[in-house]
Each structure stands twice: as structure tokens, then as C-alpha cells.
Amino acid sequence: MQFKIDQQPWHKAKASWLVVGVAQDEALPKEVAELDKLLGGKIARLRERSDFDAKCGDQLSDFDVAEIAAERLLLVGLGKSSELTIADFEKAMRTAARTISAKPDQTAAIGIAKSTLTALGAERCGQTIATAFIVGGIGQDLYKAKPDHHPLETVTLLVGDKTEQKRLEAGIDRGTILGEAINLTRELVNRSPDDIYPESFAERARKEAKACGLACTVLNERDLANERMGSLLAVARGSQRPPRVVVLEYRGGRKKDAPLALVGKGVTFDSGGLSLKLTDSMVTMKCDMAGAATVLGAMTAIARLKLPVNVIGYMGLVENMVSGTSYKLGDVLTARNGVTIEVLNTDAEGRLVLADVLSYAVDKGADRLIDLATLTGACIVALGEEVTGVFSNNQQWCDKLLDAARTCGESAWQMPMVAEYAELLKSDVADCKNIGSRWGGAITAAKFLEKFVGEKPWVHLDIAGPSFATGNKPHREGGATGCMLRTLVEIAGGHGSAK
Ligand code: BES
Ligand code: MN
Ligand code: ZN
């Protein structure tokens with residue numbers, strides 16, 4: 001997809017679609033008012049008669065509009081301009097992108113009013129448009145003979161003057177890299193679990209790492225045994241597919257700076273193991289490697305953006321299956337840091353994988369960590385399908401993450417790390433057990449992970465809800481979303497240290 005910037009009056013732009021953002025305010029911005037004058041006051045009338053309310057995400061298309069050079073006109077609502085956020089603008093742009101990408105070989109010209117550019121900042125504006133069109137141009141239709149979405153050929157940003165050109169271009173470049181990284185994450189999660197298993201994920205990671213200059217190490221079963229990863233290996237035992245841990249290393253910072261570690265849960269399919277899931281909850285469990293896929297996507301973006309920081313990505317890859325060799329209820333595992341774990345539910349496997357990978361990342365010298373995991377159904381009960389649960393042992397580090405999420409327009413909410421809940425993980429036979437009681441399951445899972453990060457500042461992101469969407473919506477495709485990838489890149493680049 002090619003992005004261009006042009007100073008043409010909107011009505012003169014030649015494209016399959018002219019996209020015009022319209023706010024709910026009384027007065028239309030100058031550029032929209034000029035277009036509306038040519039259209040004989042149509043936009044104003046549509047709003048007056050409530051045929052187009054211009055609420056954020058609303059859209060209305062019109063064809064054969066004689067007054068404009070584009071073949072079609074698409075109005076997208078921006079809500080009240082005084083309340084316009086990056087998240088709203090993104091929703092509007094993604095809606096447009098998804099409507100336009102429903103046909104092949106399309107081009108779009110997007111009218112950007114000066115007031116919008118000023119309100120959002122030229123760089124964020126360019127970035128948001130680029131990411132929205134790159135992500136909106138690809139669907140979850142990976143195995144369809146006739147895809148539902150087609151990347152656009154060109155997207156032209158129509159801006160009045162050249163003063164913001166440089167900032168817009170920088171935003172477009174950054175937004176393109178982020179959009180492509182999100183699509184990589186989405187593709188891996190959306191692929192069938194027969195295509196994506198620990199070895200094939202690791203191979204793909206190696207290929208992507210090579211393409212963007214990341215150092216890549218893949219640990220196989222023998223390496224994992226040498227590293228004493230008894231907890232991760234136990235989960236993998238029931239599967240025909242051997243486990244892998246992928247390590248991607250990016251050194252853009254000073255040699256002496258300790259790296260940030262990004263750790264992802266990569267359960268390529270979660271059947272529940274012997275604590276077998278029912279069909280309804282198993283049906284989407286190809287998504288259980290979304291944490292690992294997000295770490296991979298974020299690492300490629302960090303490398304392509306050449307951020308001046310040191311970051312290491314760790315992906316713990318296993319398949320949680322049922323067989324004669326499956327790990328069992330009552331088994332006692334010894335994690336890499338020596339902690340013994342009594343297994344009381346084989347479906348609480350993500351924390352067992354992360355336990356070993358987190359302690360490995362700490363031993364490899366990380367001075368701050370973020371993990372991402374589709375960890376608990378309880379987090380979906382607590383926060384729903386749109387909001388990431390945030391858990392931490394260090395409020396300063398946690399605040400930086402929440403700030404980064406806010407900047408990117410990603411929805412995240414801090415959950416309490418109640419000290420008493422650690423009691424719920426006490427076992428009669430081992431140092432701890434792998435499940436708590438019935439209530440507060442997202443918190444007990446986080447309290448479990450905390451045992452494996454030592455004293456290092458750490459944030460755990462439970463993305464069980466927002467990483468995989470149930471159905472298609474006008475502004476977003478169902479399936480994998482790539483949520484929190486931008487937040488990771490933001491925190492890596494802008495908020496370097498935990499101190
Ligand atoms: N992968 C699941 C969590 C999950 C649920 C992710 C729904 C995405 C959507 C995880 O491994 C799991 O099974 N968790 C159990 C934990 C329980 C056994 C303590 C759960 O949430 O039920
Ligand atoms: Mn599970
Ligand atoms: Zn799982």
C-alpha cells in the first residue's frame with residue numbers, strides 16, 4: 001500500500017473514494033464547509049435530518065457524486081471535535097478502511113481538516129491513518145478462495161498546506177511499520193493451530209528476525225532441559241509437537257544498559273490437557289499464543305524503527321494436549337528457579353510456561369519486564385472483551401505502561417495485586433499449587449507469576465479478552481487484534497527505564 005500527501009482541493013482528488021471526516025459540531029470546519037457548498041449543502045442536511053449523525057464510527061456512502069472527481073464519497077463520523085481522541089480518530093479511519101477494502105484495487109483520498117491536524121498533531125494523525133489502512137486492508141480470511149478484504153493500492157492524505165509535510169511523513173512511516181507488525185501478529189494468531197505449532201512458529205520467528213536484523217536463538221527440548229525448565233516441559237509433554245523457546249535480541253542502546261524483556265505466552269493450542277475444556281471454550285484456543293505473537297510483532301517494529309534501546313523478546317511455545325504422556329493432576333513440577341508446583345488443574349498451563357520463561361529472562365539480565373498472556377477467563381469476566389488487565393509489582397513501572405497505553409489509545413486497566421491472595425496458592429505438598437480458589441482468578445494467576453520475577457520491576461498484561469475478537473464489527477475485523485503491540489513499542493521507545 002502506497003501513501004501520498006497532496007495539497008489538492010478535496011473535490012479535485014481522483015480516487016475510488018473520497019473520505020471525509022465529519023464532526024458533530026454545529027459548524028463544519030472550513031474545508032468540509034467548502035466541499036459542502038459544492039454539494040449544495042448535502043452534508044449539513046444529512047446531519048439536520050439525522051440521516052447521518054456523525055457519531056464516532058458512523059458512516060454513509062454516496063455514489064456518482066457529480067461535483068467531486070472521486071468515484072464515491074464516504075462520510076465518516078468523528079463525534080464532537082472538542083472530545084476527539086486518537087482512539088476515536090482511529091475508529092473512524094479503520095471503519096473507512098474496512099468499507100473501502102471490501103473490493104479489490106481501490107484507492108482512497110482522505111480529506112484532513114486543518115483543525116483535526118492541529119488537535120491530534122500531524123505525526124500521530126499520519127501514523128493513525130497509516131496503521132488503520134494497513135490493518136483494515138487485511139481480514140481473517142486467510143483460507144478463503146475469495147478474500148473479504150483487499151489492501152488498497154494508494155491512500156492519499158489531502159492537507160491544505162505543506163508546513164506539516166515532514167511530520168506527516170514521519171507519522172506515516174511509523175504507522176506503516178506498526179500496522180505491518182500488527183498484521184504479522186494477527187496472521188500468526190489467525191492461522192489454524194495445525195499450521196502454527198511451536199516448531200513452525202519458531203521457524204517463522206527466525207525468518208522475520210532475519211528480515212529486520214534481529215538476533216534469533218531457538219531453544220529446543222534438549223536446551224530447555226539443560227535450562228531446567230521443568231514447568232514448561234511438563235505442559236508440553238502431552239503433545240506430539242515438541243516445545244520451543246524463541247529469544248529475539250535487539251541492541252539499539254548503549255552496551256552497558258540492561259535490556260527490557262518482553263515475554264509472551266505461546267500456547268499454540270490449549271485443549272486444557274487432562275482438565276479438558278468443553279467445545280465452546282476450546283473452539284478459539286488457537287488464540288492462546290497471542291502473547292508470543294505480539295512479542296514477535298513488537299520486536300520486528302522496534303528493530304525497524306531503530307529505537308535507541310536494548311530489548312529482548314522471549315516466546316514460550318508449547319501445545320497443551322491430551323495423551324498417555326500428558327502431565328497429570330497431582331504431579332509436582334520443579335520450575336527453573338527451584339520452586340516446586342503442585343498441578344491441580346492442567347488447564348492453568350499458561351502460568352507454568354511463563355514461570356520458566358520469566359525466570360530465564362531475569363537470569364539473562366533483564367532489569368525490567370513485561371509479559372503478555374491470554375492467561376485467564378476470569379480477566380474477561382472482570383474487564384470484558386475490550387480491556388487488557390494490568391498487574392504489577394512496581395507502581396512506577398506500571399504507571400509508565402498505563403501512560404504508554406493511553407498515548408496509543410489502547411484500553412488497559414490496573415488490577416490490584418492483593419497480598420492475601422498469594423495465600424490461596426499455598427499447597428500441602430509443594431511450595432505452591434497452580435490454581436487459587438474460584439474467585440479472583442486473574443489476580444491469583446498474576447500472584448503466581450510474581451514468584452518468578454524476583455525483585456525486578458514487572459508488568460503482566462492479561463490479554464485473554466481483547467487479543468481475539470468474537471465477531472466482525474464495522475471498525476474492526478473479528479479474530480486476532482494485535483492489541484497492546486503499539487503500547488509495547490511506545491514504552492520501549494519513549495519510556496526507556498523503570499526508574
Ligand atoms: N488460555 C486459557 C485462558 C483463556 C480463556 C484465554 C478464554 C482466552 C479466552 C487459560 O489457559 C485457561 O484455561 N485458564 C483457566 C484457568 C483456571 C483453570 C484456573 C481459566 O481461565 O478457566
Ligand atoms: Mn488453559
Ligand atoms: Zn491457556
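**Exercise 1. Is K265 buried or exposed, and what does its side chain meet?**

Step 1. Start with the area: K265 has a relative accessible area of 2%. Step 2. Compare that with the cut-offs: buried means under 20% relative accessible area, exposed over 50%, and partly exposed in between, using a 1.4 Å probe and protein chains only. So K265 is buried. Step 3. Now look for a salt bridge, which needs a side-chain nitrogen of Lys or Arg within 4 Å of a carboxyl oxygen of Asp or Glu. K265 has one with D288, and their closest N and O atoms are 3.2 Å apart. Step 4. Place the two residues: D288 sits in the loop between α10 (279-282) and α11 (290-304), while K265 belongs to strand β9 (residues 260-270), so the pair ties together parts that are 23 residues apart in sequence. (Helices, H or I with at least four residues, and strands, E with at least two, are DSSP runs numbered from the N terminus.) D288 counts as buried too, at 2% relative accessibility.

A word on the ground rules: this is a predicted model, where local features need pLDDT of at least 70 and side-chain atom pairs count only at pLDDT 80 or more, while totals for chains, interfaces and linings use all residues. Residues are numbered from 1 along each chain as its sequence is written, chains are lettered from A and ligands numbered from 1 in the order in which they are written, and side-chain values use heavy atoms, with hydrogens and water left out.

**Exercise 2. Which residues coordinate the zinc ion (ligand 3)?**

Step 1. Pick out the donors, meaning N, O and S atoms within 2.8 Å of the metal (3.2 Å for Na, K and Ca); water is not among the atoms, so sites may look incomplete. Step 2. Read off the residues: K265 (NZ), D270 (OD), D288 (OD) and E349 (OE) coordinate the zinc ion at 2.0 to 2.4 Å. Along the chain their spacing is K-x4-D-x17-D-x60-E. Step 3. Check the geometry: six donors count as octahedral if opposite donors are over 155 degrees apart and all others between 65 and 115. The six donor atoms of the zinc ion (ligand 3) make angles of 78 to 175°, and the site is octahedral. Step 4. Look next door: the manganese ion (ligand 2) is 3.2 Å from the zinc ion (ligand 3), and D270 coordinates both. D270 counts as buried, at 3% relative accessibility.

**Exercise 3. How many salt bridges are there, and which residues are linked in a network?**

Step 1. Apply the salt-bridge rule and the count comes to 36. Step 2. Try some pairs. D257 and R254 meet at 3.2 Å, N to O; D257 is partly exposed at 28% and R254 is exposed at 53%. D367 and R368 meet at 2.5 Å, N to O, and both are buried. Step 3. Find the network: salt bridges link E187, R191, D195, R204 and E208.

**Exercise 4. How many disulfides are there, and why is C287 too far for a bond?**

Step 1. Use the rule: a disulfide is a pair of cysteine sulfur atoms within 2.5 Å. Step 2. Count them: there are zero disulfides. Step 3. Test C287: the closest cysteine sulfur, in C483, is 10 Å from its own sulfur, so that is too far for a bond. C287 counts as buried, at 5% relative accessibility. Step 4. Test C379: its closest cysteine sulfur is also in C483, 11 Å away, again too far. C379 is buried, at 3% relative accessibility.

Notes: Four donors count as tetrahedral if all angles lie between 85 and 135 degrees; four count as square planar and six as octahedral if opposite donors are over 155 degrees apart and all others between 65 and 115; anything else is irregular.
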